[in-house]
Amino acid sequence: MPPARKTPLFVIVQHYATTPSDWNDKKIWVPFTEAWVSITPDRGREIQAADETVAVATHTIRGDFLTLEGISEKMRVIYSPAGVYDPIPNDAQVYDVLAVMPDEDARQDIMLKVQLNGRRYGVLQ
């Protein structure tokens, strides 16, 4: 039996197409890769946007270079606490990729700076 992993499984999705709608265009996201990564919270803050206070939380995701190779700032990272991704559940957490940091220290990994999106996957569809 393989050893149990302590890091959770995430799915990285990329924007595929936009379908026109009466009110809002609907974006179609398709899976790019699955990755076992570690995620650590960086900071949380509150900002004023449109006369209301909005919470913003940023995190750092670190994963294997070969698994995350090709990821860009136009993608999203999806996390399901249940570990089920086919189909992606509506209550999955969505992280927007802000920056992709290269392997500067030759550790053979990639760091992503991500922001926790306040809406769940089902609302973004």
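What follows is a walk through this structure, from the chain as a whole to single residues.

The model is predicted. Mean pLDDT over the chain is 79, and 82% of the residues reach 70 or more. Confidence is not even along the chain. Strand S6 has the highest mean, at 89. Helix H2, residues 121-124, has the lowest, at 64. Where pLDDT is low, the predicted coordinates should not be read in detail.

Start with the layout. The chain holds seven strands and two helices. Along the sequence they follow the pattern β-β-β-β-α-β-β-β-α. Of the 125 residues, 29% count as buried. Among contacts with a separation of 6 or more, 51% join residues 24 or more positions apart.

Now the sheet. The seven strands form an open sheet in the order S2-S1-S5-S6-S7-S4-S3, with antiparallel pairing. S2 and S3 are the edge strands, each pairing on one side only. Neighbouring strands are turned against each other by 35 degrees on average, direction ignored. Strands of a sheet pair through backbone hydrogen bonds, either parallel or antiparallel.

Take the S3 end of that order. S3 covers residues 38-49 and S4 covers residues 52-64. The two strands run antiparallel and are joined by eleven bridges. Ser38 has Arg62 of S4 as its bridge partner. Further along, Glu46 stands opposite Ala55 in S4. The hairpin of S3 and S4 has two residues between the strands. Within this hairpin, Ala50 takes a positive phi near 55 degrees.

On to the pairing of S4 with S7. These strands pair in the antiparallel sense over seven bridges. Here Thr60 stands opposite Lys113 in S7.

Next comes the core. The largest nonpolar core has 25 residues. Ile12, Val77, Ile78, Tyr85, Ile88, Leu112 and Val114 touch the most other members. Five elements give two or more residues to this core: S1 (9-19), S2 (26-36), S5 (75-79), S6 (93-101) and S7 (109-116). S1 gives the largest share, five residues.

Val77 shows how these parts meet. Leaving aside residues up to four places away in sequence, Val77 touches Phe10, Val11 and Ile12. On the same count, Val77 also touches Ile61, Gln93, Val94, Tyr95, Val97, Leu112 and Val114. Two of these partners, Leu112 and Val114, are themselves among the core residues that touch the most other members.

Leu9 offers a second view. This residue is found in strand S1. Is Leu9 buried or exposed? Leu9 is buried, because its relative accessible area of 17% falls under the 20% cut-off. Its contacts, not counting residues up to four places away, are Glu34, Ala35, Trp36, Tyr79 and Tyr85. Leu9 and Ile78 lie 69 residues apart in sequence. In space, the C-alpha to C-alpha distance between them is 9.2 Å.

Then look at the loop between S5 and S6, where Ser80 is found. Ser80 has a relative accessible area of 2%, so this residue too counts as buried under the 20% limit. Beyond residues up to four places away in sequence, Ser80 touches Tyr85, Pro89 and Ala92. Tyr85 thus appears in the contacts of Leu9 and in those of Ser80.

Last, the aromatic rings. How many aromatic pairs does a search of the whole structure find? The search finds two. Ring pairs link Phe10, Tyr79 and Tyr95 into a cluster. Two members of this cluster have come up before: Phe10 and Tyr95 both touch Val77. The third, Tyr79, touches Leu9.

Notes: Residues are numbered from 1 along each chain as its sequence is written. This is a predicted model: local features need pLDDT of at least 70, side-chain atom pairs count only at pLDDT 80 or more; totals for chains, interfaces and linings use all residues. Side-chain values use heavy atoms; hydrogens and water are left out. A nonpolar core is a set of buried Ala, Val, Leu, Ile, Met, Phe, Trp, Tyr and Cys residues joined through side-chain atoms within 4.5 Å. Buried means under 20% relative accessible area, exposed over 50%, partly exposed in between (1.4 Å probe, protein chains only). Helices (H or I, at least four residues) and strands (E, at least two) are DSSP runs, numbered from the N terminus. Contact means heavy atoms within 4.5 Å. Two strands pair if DSSP finds at least two bridges between them. pLDDT is the predictor's confidence in each residue, from 0 to 100. Axes are lines fitted to C-alpha atoms, for helices over the stretch in contact, and angles run from 0 to 180 degrees between N-to-C directions. Rings of Phe, Tyr and Trp (its six-membered ring) pair if their centres lie within 6.5 Å; planes under 30 degrees apart count as stacked, over 60 as edge-to-face and the rest as tilted.
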